[in-house]
Amino acid sequence: MAFSSLTSSSSNPKPLLPHSSKLPKFRLRPPKASLSLSSSFLIRSPPPNPRAKFNLKSNPHAQIDHFNRQLSSRTTTHSNPSRFRLCRSFQVDSVKLLDLLGPEKVDQSDVKLIKEKLFGYSTFWVTKEEPFGDLGEGVLFVGNLRGQREEVYSKLQTELRAITGEKYDLFMVEEPNADGPDPRGGPRVSFGLLRKEVSEPAGTSLWQYIISVILFVITIGSCLELGIASQITSIPPEIVKYFTDPNATEPPDMQLLIPYVESALPLAYGVLGVQLFHEVGHYLAAFGNKVRLSIPYFIPNITLGSFGAITQFKSLLPDRRTLFDVSISGPLAGGALSFSMFCVGLLLSSSPVGTGDLVQVPSVLFQGSLLLGLIVRATLGYSAMHAATVSIHPLVIAGWCGLTTSAFNMLPVGCLDGGRALQGAFGKNALFGFGLATYSMLGLGVLGGPLSLPWGLYVLICQRAPEKPCLNDVTDVGTWRKTFLTVIVFLVILTLLPLWDELAEELGIGLVSSF
């Protein structure tokens with residue numbers, strides 16, 4: 001009866017909210033707000049409160065929680081509470097979504113326990129906490145150091161394992177935005193806390209093994225192609241024309257190429273052997289420092305045979321000294337073998353003993369490196385070098401390619417061996433400046449000649465990111481390692497710096513007027 005009385009005034013009486021009808025369509029209009037990306041979803045955040053200062057980059061969760069609290073408070077005071085009740089029913093808890101999809105965060109209960117049990121007036125006095133890690137999944141404890149940093153760090157690591165077991169990794173890093181150095185000397189330090197499953201590198205998958213094998217097979221082919229190309233002056237002209245002339249349509253008899261493939265094997269073995277010896281150097285140094293490395297991913301290149309290999313760290317590095325030693329050991333091993341092959345090849349080139357194995361190469365090849373060109377000029381003499389072609393032993397080509405590849409990998413940029421070594425010796429801030437200078441010289445063609453652009457693109461695509469911090473990312477590596485790296489970088493620049501025509505003509509390296 002009451003229901004019919006409410007609907008009798010209408011000519012077409014309808015129930016107010018019958019069960020069969022749809023809910024009224026409310027147009028949800030939250031309070032005026034500015035758009036911001038506080039999570040993986042685009043949400044609306046309220047206008048900034050002058051009493052609450054938020055830093056979206058450092059702590060996005062605080063801003064989301066503040067918005068949720070404001071929305072909850074307005075639900076009870078708004079003139080139409082049903083509209084906001086419906087809005088809240090569809091509200092996404094962005095913080096929980098970030099925790100679900102992103103890396104696992106440090107438990108706040110553990111943070112409180114660590115502050116109470118681990119830090120103190122005798123080790124490290126915590127003054128504030130900040131987000132730590134790529135996505136703020138960890139905690140950075142900022143404060144004042146109360147002792148020698150290495151002793152304090154060792155003590156904190158031991159006590160952390162006693163408190164939480166193997167649940168977390170503790171990093172000692174330089175304090176960001178520090179006002180000045182530590183009164184005891186050196187930079188001010190802070191301690192970062194991350195879960196082990198977040199900080200530890202991931203294992204190698206089956207697809208990565210497959211990709212590594214495929215790249216290695218292609219690299220064998222590129223090294224073999226280099227060996228064949230070194231005999232281009234003796235290869236039958238019809239075969240050379242077929243591969244170099246775009247108008248050539250009739251394929252020649254490929255049986256004529258078989259003898260040259262067999263004679264190209266020693267050079268291919270030499271170039272590939274340098275790359276394998278390079279990786280063996282990395283693995284030996286890593287084994288001595290109890291560091292795990294990934295399988296190598298060789299990068300084929302038809303000019304040098306290979307650009308080297310990408311090798312990743314599969315365990316956390318204990319300190320910057322380990323980062324330096326493991327990184328520089330590969331180029332040293334490959335460079336030492338390459339230089340030995342280069343010198344032996346030059347001796348065989350100038351000796352009657354190796355006359356039958358010599359190959360003819362354009363003399364302009366030796367203008368690609370100031371250092372190596374001068375060594376060849378001093379060994380073979382002016383008359384041999386000041387000609388259109390030069391007779392050399394294949395070991396010279398193998399050593400030349402190996403030294404060039406080792407020099408490229410020792411450039412102080414990104415995650416190359418040189419970039420890792422520089423980061424270990426001088427820190428990540430120094431790597432940024434040296435990397436910018438290296439990119440500039442590669443872009444202008446100052447280093448590497450015609451290979452500068454492809455190498456620069458390779459670094460930008462595959463190796464641009466610096467290495468992750470070590471557990472102890474503060475302790476200095478020592479003066480002699482820094483001096484040694486400085487000398488190596490100087491030799492790298494001399495190796496990759498090409499000769500300009502005037503200097504090449506004056507030194508008698510290559511017949512400049514004939515090209």
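Select strand S5 (168–174) together with strand S6 (residues 189–195): the two pair in the antiparallel sense over seven bridges, where helices (H or I, at least four residues) and strands (E, at least two) are DSSP runs numbered from the N terminus, and two strands pair if DSSP finds at least two bridges between them. Within this pairing, glutamate 174 stands opposite valine 189 in S6.

This is a predicted model, in which local features need pLDDT of at least 70 and side-chain atom pairs count only at pLDDT 80 or more, while totals for chains, interfaces and linings use all residues. Residues are numbered from 1 along each chain as its sequence is written, and side-chain values use heavy atoms, with hydrogens and water left out.

Next, widen the selection to the open sheet of four strands, ordered S3-S4-S6-S5 with antiparallel pairing. Its edge strands, S3 (124–132) and S5, each pair on one side only.

Now add helix H5 (residues 108–117), which packs on the sheet and touches S3, strand S4 (138–145), S5 and S6, contact meaning heavy atoms within 4.5 Å.

Move on to helix H17 (residues 452–462), where Ser452, Trp455, Gly456, Tyr458 and Val459 are buried, that is, under 20% relative accessible area, against over 50% for exposed and partly exposed in between (1.4 Å probe, protein chains only). Seen down the axis of H17, these buried residues fall within an arc of 160 degrees, taken from the directions from the helix axis to the C-beta atoms, so they line one face of the helix. The face turned away from the buried side carries the exposed residues Leu453 and Ile461.

Finally, show strand S7 (297–301), strand S8 (305–310), helix H14 (394–409) and helix H16 (428–443), against which the buried residues of H17 pack.

Note on methods. Axes fitted to C-alpha atoms, helices over the stretch in contact; angles between N-to-C directions.
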